[in-house]
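Me: Please take a close look at one position in this protein and then work outward from there. I would like the contacts, the degree of burial and the charged pairs in one connected account.

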Amino acid sequence: MNEKPDFKDYIFDAFLDYPNLLSNDFISTGIWQIDELLKGGIRRKELGTILAQWQHGKSTVLTIIGASCYNKGYKILHLVLEDFWLDIQKQYRNILEKNENGKLWLMDCVSKTPKLYELEDLINDYKPDVVIIDYAELLQGSYKIGDTAKRHILRENFIELRRLAGKTNTAIWTAHQASVGNSTEGKTTSSLRLTPDRISEARSIGATTDILLGFALNDPFDQLIYCTVMKAKHRPRPVQDFFKLAVDFSIPRIWSI
């Protein structure tokens, strides 16, 4: 028989209790425009998500964030669910030198994908400051594709990841493949709104993630990513609609514009 959870441990008096539920410990992404709009980066206990179409820089930017955190002496656990982990290792080694203060673990999730409850055990064992998951939708929860709509699977995964970030005092970055408004006649739309075909999935994610970034490519040949902050909890609403990033996709590297 399963024991009933004791929710009394999670109920606080608004005037008497001062639990450290939300940290002001910001962890920089290493991309100054994003850090500036997020007032320092992502905080511990927060979940950040990148939305973009296929081959629009999600994995590259996640690797850049991981490299930046490693250079600052943080411990990073990077779960590789889409690519072969040796390819990601090569990308990191192309831009990093060994740092005695930082730690960088790559988990080959192509060969063995952890379930959501197993991920919590991994975080508790390795105690990373930052967890990178490329992609969260590939993690195994209680739902399976075919048993329910994809938006329900996404919602469950993202709710669980946000809970994990809060419970383990880590910052979690992930990505999701979704359509974001592209350029028309060489001019990028300033709003970068999600297209209707993926709006239900995006809503499932947007309701649970703390930070939501949208990426769109103006032209795959000039390697310019147009980025917008679609959601940033507990921050002032950004003034600018979008900003440009020049990305080298062969070696994870960004030139701020």
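Reply:
**A loop position and its surroundings**

Gly57 sits in the loop that runs between strand 3 and helix 2. The model is a predicted one, and every value below is computed from it. With a relative accessible area of 6%, Gly57 falls under the 20% limit and therefore counts as buried. Leaving out residues up to four places away in sequence, Gly57 touches Phe215, Ile225 and Phe249. For one of these partners, Ile225, there is also a backbone distance: the C-alpha atoms of Gly57 and Ile225 are 7.6 Å apart, although 168 residues separate the two along the chain.

The loop that holds Gly57 leads to helix 2, which covers residues 58–71. Helix 2 has 14 residues, and from its first C-alpha to its last it reaches 20 Å, close to the 20 Å expected at 1.5 Å a residue. Of its 14 residues, 13 are buried, so helix 2 is largely enclosed by the rest of the structure. After the helix comes Gly73, whose phi is positive, near 90 degrees.

On the other side of the Gly57 loop is strand 3, which spans residues 47–52. The loop between strand 2 (42–43) and strand 3 holds Arg44, and Glu46 lies in that loop as well. Arg44 counts as buried because its relative accessibility is 12%, and Glu46 is buried because its relative accessible area is 1%. Each takes part in a salt bridge: Arg44 with Asp25, and Glu46 with Arg235.

In the first of these pairs, the side chains of Asp25 and Arg44 meet at 2.7 Å, N to O. This pair links distant parts of the chain, with Asp25 in the segment before strand 1 and Arg44 19 residues apart from it. Asp25 has a relative accessible area of 29% and is therefore partly exposed, whereas its partner Arg44 is buried.

In the second pair, the closest N and O atoms of Glu46 and Arg235 are 2.7 Å apart. Here too distant parts of the chain are linked: Arg235 is in the loop between strand 11 (224–232) and strand 12 (243–248), and 189 residues separate the partners. Arg235 is buried, with a relative accessible area of 10%, and Glu46 is buried as well. Ile225, which Gly57 touches, has a residue number that falls in the range of strand 11.

Arg44 has a further acidic partner, Asp129: their side chains make a polar contact at 2.8 Å. Asp129 lies in the loop between helix 4 (116–126) and strand 6 (130–134). At 12% relative accessible area, Asp129 is buried. A polar atom of its side chain lies 2.8 Å from the backbone nitrogen of Lys75. Apart from neighbours within four places in sequence, Asp129 is in contact with Ile27, Arg44, Tyr74, Lys75, Thr170 and Ala171.

The two salt bridges described so far belong to a total of eight found in a search of the whole structure. Another joins Glu160 and Arg163, whose side chains meet at 2.6 Å, N to O. Glu160 and Arg163 are three residues apart in helix 5 (residues 150–168), so about one helical turn separates them. Glu160 is buried, with a relative accessible area of 19%, while Arg163 is partly exposed at 34%. Salt bridges with shared partners join Glu120, Glu160, Arg163 and Lys167 into one network.

At the surface, Phe7, Tyr10 and Phe12 make a nonpolar patch of about 380 Å². Phe12 lies in the segment before strand 1 (26–27), the segment that also holds Asp25. Phe12 is partly exposed, with a relative accessible area of 38%.

For the protein as a whole, there are six helices and 13 strands. Buried residues account for 49% of its 257 residues. Among contacts with a separation of 6 or more, 68% are between residues 24 or more positions apart. The accessible surface amounts to about 14000 Å², with 50% of it belonging to carbon and sulfur atoms.

Note on methods:
Residues numbered from 1 in each chain as written. Predicted model: local features only at pLDDT ≥ 70, side-chain atom pairs only at ≥ 80, totals over all residues. Heavy atoms only, no water. Patch = residues over 30% accessible without salt bridge, like charges linked within 9 Å, V, L, I, M, F, W, Y side chains within 5 Å. Areas by Shrake-Rupley, 256 points an atom, 1.4 Å probe, with all protein chains shown as cover. Salt bridge = Lys/Arg side-chain N within 4 Å of Asp/Glu carboxyl O. Helix = DSSP H or I, 4+ residues; strand = E, 2+ residues; numbered from the N terminus. Buried < 20%, exposed > 50% of the residue type's maximum accessible area, 1.4 Å probe, protein only. Polar contact = N/O pair within 3.5 Å; in protein donor to acceptor, adjacent residues only side chain to side chain. Contact = heavy atoms within 4.5 Å. Expected span 1.5 Å × (residues − 1).
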